[in-house]
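Work through the exercises below with the sequence and the structure open side by side. Each task is followed by a solution in steps.

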Amino acid sequence: MESSNDNGRWMIEAFNVRLFGAIIAFGSILYRKGRKLIQESIGKLVTYGFYFSIRYPKNSILFLISIGMLIRRSILLTLMMWSFLIYAYYRFALREERDVLKVLSLQHEEYRQKISAFIPISKTKIIYYNEE
């Protein structure tokens, strides 16, 4: 006969598995959509779709997937690997941005000033006018 403590652990584990699976599935779907946008516009700056609000949505999605994995197996080794992964993808994004600036300098610089890199936050100021 199971004790109530064992039943509680089982429920928490089931919740973690479902949460992990949902984050991974959601992230995978978004990643495929972002990859399709890039493949359709080779040689051009993509500023629509996910790229309308984030410069590196694929990296942000990979961060989301890795957070799902971290939730699933939150041990010290996983936390250390997650930290390394986040740092590596950040460095990769910086290198990619330098390469894009060489090819599409003016167009990408304007885009870079308006759109945040990883978190969908507007970098432009919102000014409200009182119309009287």
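Accessible areas come from the Shrake-Rupley method with a 1.4 Å probe. The model used here is predicted.

**Exercise 1. The chain as a whole**

Task: State what secondary structure the chain has, and give its accessible surface and its buried share.

Solution:
- Step 1. The chain contains four helices and zero strands. In sequence order the pattern is α-α-α-α.
- Step 2. The accessible surface of the chain is about 10,200 Å², and carbon and sulfur atoms account for 63% of that surface.
- Step 3. A residue is buried when its relative accessible area is under 20%. By this cut-off, 26% of the 132 residues of the chain are buried.
- Step 4. Take the contacts between residues at least 6 apart in sequence: 63% of them join residues at least 24 apart.

**Exercise 2. Helices α2 and α3**

Task: Determine how α2 and α3 are oriented to each other and which residues form their contact.

Solution:
- Step 1. Two packed helices are described by the angle between their axes and the distance between the axes.
- Step 2. For α2 (residues 57-72) and α3 (residues 76-103), the angle is about 180° and the axes are 11 Å apart. Angles over 145 degrees count as roughly antiparallel, and therefore α2 is roughly antiparallel to α3.
- Step 3. On the α2 side the contact uses N59, L62, F63, S66, I67, M69 and L70; on the α3 side it uses T78, L79, W82, L85, I86, Y89, F92 and A93.
- Step 4. Sorted by class, this contact has twelve nonpolar residues, three polar ones and no charged ones.
- Step 5. Buried residues of α2 include N59, F63, S66 and L70, and R72 is also among them.

**Exercise 3. Helix lengths**

Task: Compare the span of α2 and of α3 with the value expected at 1.5 Å a residue.

Solution:
- Step 1. α2 has 16 residues and reaches 23 Å from first to last C-alpha, close to the expected 22 Å.
- Step 2. α3 has 28 residues, which should span 40 Å; the C-alpha atoms at its ends are 41 Å apart, in agreement.

**Exercise 4. Helices α3 and α4**

Task: Classify the crossing of α3 and α4 and describe their contact.

Solution:
- Step 1. The axes of α3 and α4 (residues 105-114) come within 6 Å and cross at roughly 130°. This angle makes α3 oblique to α4.
- Step 2. E97, V100, L101 and V103 of α3 meet S105, H108, E109 and R112 of α4.
- Step 3. The classes in this contact are three nonpolar, two polar and three charged residues.
- Step 4. The buried residues of α3 are T78, A93 and E97. Their cover includes α2 and α4.

**Exercise 5. Two single residues**

Task: Decide whether A93 and G21 are buried, partly exposed or exposed, and locate each in the fold.

Solution:
- Step 1. A93 lies in α3. Its relative accessible area is 1%, so A93 is buried.
- Step 2. Apart from neighbours within four places in sequence, A93 is in contact with Y56, N59 and F118. The C-alpha atoms of A93 and A117 are 8.6 Å apart, with their positions 24 residues apart along the chain.
- Step 3. G21 belongs to helix α1 (residues 4-40). At a relative accessible area of 32%, G21 is partly exposed.
- Step 4. G21 and R72 are 51 residues apart along the chain, and 9.1 Å separates their C-alpha atoms.

Technical notes:
Residues numbered from 1 in each chain as written. Predicted model: local features only at pLDDT ≥ 70, side-chain atom pairs only at ≥ 80, totals over all residues. Heavy atoms only, no water. Axes fitted to C-alpha atoms, helices over the stretch in contact; angles between N-to-C directions. Helix = DSSP H or I, 4+ residues; strand = E, 2+ residues; numbered from the N terminus. Parallel < 35°, antiparallel > 145°, perpendicular 65-115°, else oblique. Contact = heavy atoms within 4.5 Å. Nonpolar A, V, L, I, M, F, W, Y, C, P; charged D, E, K, R; others polar. Expected span 1.5 Å × (residues − 1). Buried < 20%, exposed > 50% of the residue type's maximum accessible area, 1.4 Å probe, protein only.
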